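Ready for a few exercises on how a sheet and its helices fit together? Have a look at the model first, then work through the tasks in order.

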Amino acid sequence: MTAEGGAPRPGVLEEQPWPAMRDRAWPVALLPFGATEPHNTHLPYGTDTVLAREVAARVAAACLARGTGVVALPALPFGVNTTQLDLPLTINVMPSTQLALLRDVVRSLEPHGVRALVLLNAHGGNELRALVRELQPETPLVLAVVNWWQAGDHALFAEPGDHAGALETAAVLHVAPGLVHPDRAAWGAGTAHPSVFAGVRAGWAWMPRRWTQVAPDTGVGNPAEATAAQGAAFVAQAVARIAAFCEALAQADPGRMWAPDPPG
Ligand SMILES: [Zn+2]
């Protein structure tokens with residue numbers, strides 16, 4: 001998914017040569033977290049990875065265009081999928097593996113002027129806040145988590161859905177339309193079965209969903225009404241908000257991130 005003609009996109013590390021990265025400061029890095037799992041019958045296994053990678057690339061470009069060095073690191077293609085392992089070729093990595101990998105990435109960035117690392121998440125099973133809570137005391141980098149699908153305005157969708165629903169389908173229709181099954185009649189309805197436990201249904205009790213019990217077509221949320229235009233609007237809004245966050249992080253004093261006066 002490179003830019004038109006395959007030209008390297010600004011700030012996208014895996015596409016750039018050494019001098020382009022060496023010759024300027026990169027106060028903020030983005031680490032996209034994806035997953036490899038079925039997404040209903042119409043979206044690819046790499047949906048989360050494709051979306052996280054693309055949002056990161058667009059955030060980096062937006063920040064660079066306004067003069068702030070934000071680098072998009074290569075996307076991690078595997079996520080935590082411990083309750084989807086009965087679905088063929090779902091690839092799981094454990095939270096403890098993510099922690100070890102993140103620690104190594106953070107240590108690699110520390111000597112090079114990076115002041116903040118944003119974990120740009122696209123997969124609900126990636127519980128990245130716990131990783132940040134464990135790693136933050138070890139590093140001078142400011143660590144933050146952004147779930148990209150929460151950064152745009154959900155009111156664009158009658159029902160955004162949770163997994164391969166309208167929101168995610170619209171985003172892929174915008175970013176990588178060739179990867180969406182062209183026949184809408186073949187898309188699953190994304191109907192999810194509720195928990196048998198009242199507390200889980202109410203939200204005060206939680207357990208990971210046993211995916212094949214919950215979602216017969218692996219989707220949660222009806223994708224039928226999704227459009228590429230909705231996806232374009234939602235992605236643009238999310239990119240603008242995340243870019244503004246990265247620019248603020250680039251300026252922030254780690255000793256004064258909670259202001260005594262209201263932020264201006
Ligand atoms: Zn997804």
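The exercises below go from the sheet to the helix pairs.

This is a predicted model, in which local features need pLDDT of at least 70, side-chain atom pairs count only at pLDDT 80 or more, and totals for chains, interfaces and linings use all residues. Residues are numbered from 1 along each chain as its sequence is written.

**Exercise 1. The sheet**

Find the order of the four strands in the open sheet and the direction of their pairing.

*Solution.* Start with the elements: helices (H or I, at least four residues) and strands (E, at least two) are DSSP runs, numbered from the N terminus. Next, two strands pair if DSSP finds at least two bridges between them. On this basis the order is β2-β1-β3-β4, with parallel pairing. At the edges lie β2 (70-72) and β4 (142-147), each paired on one side only. From one strand to the next, the twist averages 20 degrees.

Now take the pairs. β1 (residues 28-33) and β3 (residues 116-121) run parallel and are joined by six bridges; here F33 stands opposite N121 of β3. Six bridges also link β3 to β4, and L117 faces L143 in β4.

**Exercise 2. The crossover**

Trace the chain from β3 to β4 and give the hand of the crossover.

*Solution.* Leaving β3, the chain passes through helix α4 (residues 128-135) before it enters β4. A crossover is right-handed if, with the strands pointing away from the viewer, the path from the first strand over the helix to the second runs clockwise. This β-α-β crossover is right-handed.

**Exercise 3. α3 against α4**

Describe how helix α3 (residues 95-109) packs with α4.

*Solution.* First the geometry: axes are lines fitted to C-alpha atoms, for helices over the stretch in contact, and angles run from 0 to 180 degrees between N-to-C directions. The angle is about 50 degrees and the axes are 10 Å apart. Angles under 35 degrees count as roughly parallel, over 145 as roughly antiparallel, 65 to 115 as roughly perpendicular and the rest as oblique. α3 and α4 are therefore oblique to each other.

Then the residues, which are in contact if their C-beta atoms, placed from the backbone, lie within 7 Å. P95, Q98, L99, L102, R103 and V106 of α3 meet A130, L131, E134 and L135 of α4. Sorted by class, this contact has seven nonpolar, one polar and two charged residues. (Ala, Val, Leu, Ile, Met, Phe, Trp, Tyr, Cys and Pro count as nonpolar, Asp, Glu, Lys and Arg as charged, and the others, Gly among them, as polar.)

**Exercise 4. Two partners of α8**

How do α2 (residues 47-65) and α5 (residues 166-175) lie against helix α8 (residues 228-251)?

*Solution.* Begin with α2, which packs on α8 at about 55 degrees, with the axes 9 Å apart. That makes α2 oblique to α8. On the α2 side the contact is made by V55, R58, V59, A62 and C63. This contact has 10 nonpolar, no polar and two charged residues.

Move on to α5, whose angle with α8 is about 95 degrees, with axes 7 Å apart. That makes α5 roughly perpendicular to α8. Among the residues that meet here are L167 and A170 in α5 and F234 and V235 in α8. The contact of α5 with α8 divides into nine nonpolar, three polar and no charged residues.

Technical notes:
Two residues are in contact if their C-beta atoms, placed from the backbone, lie within 7 Å.
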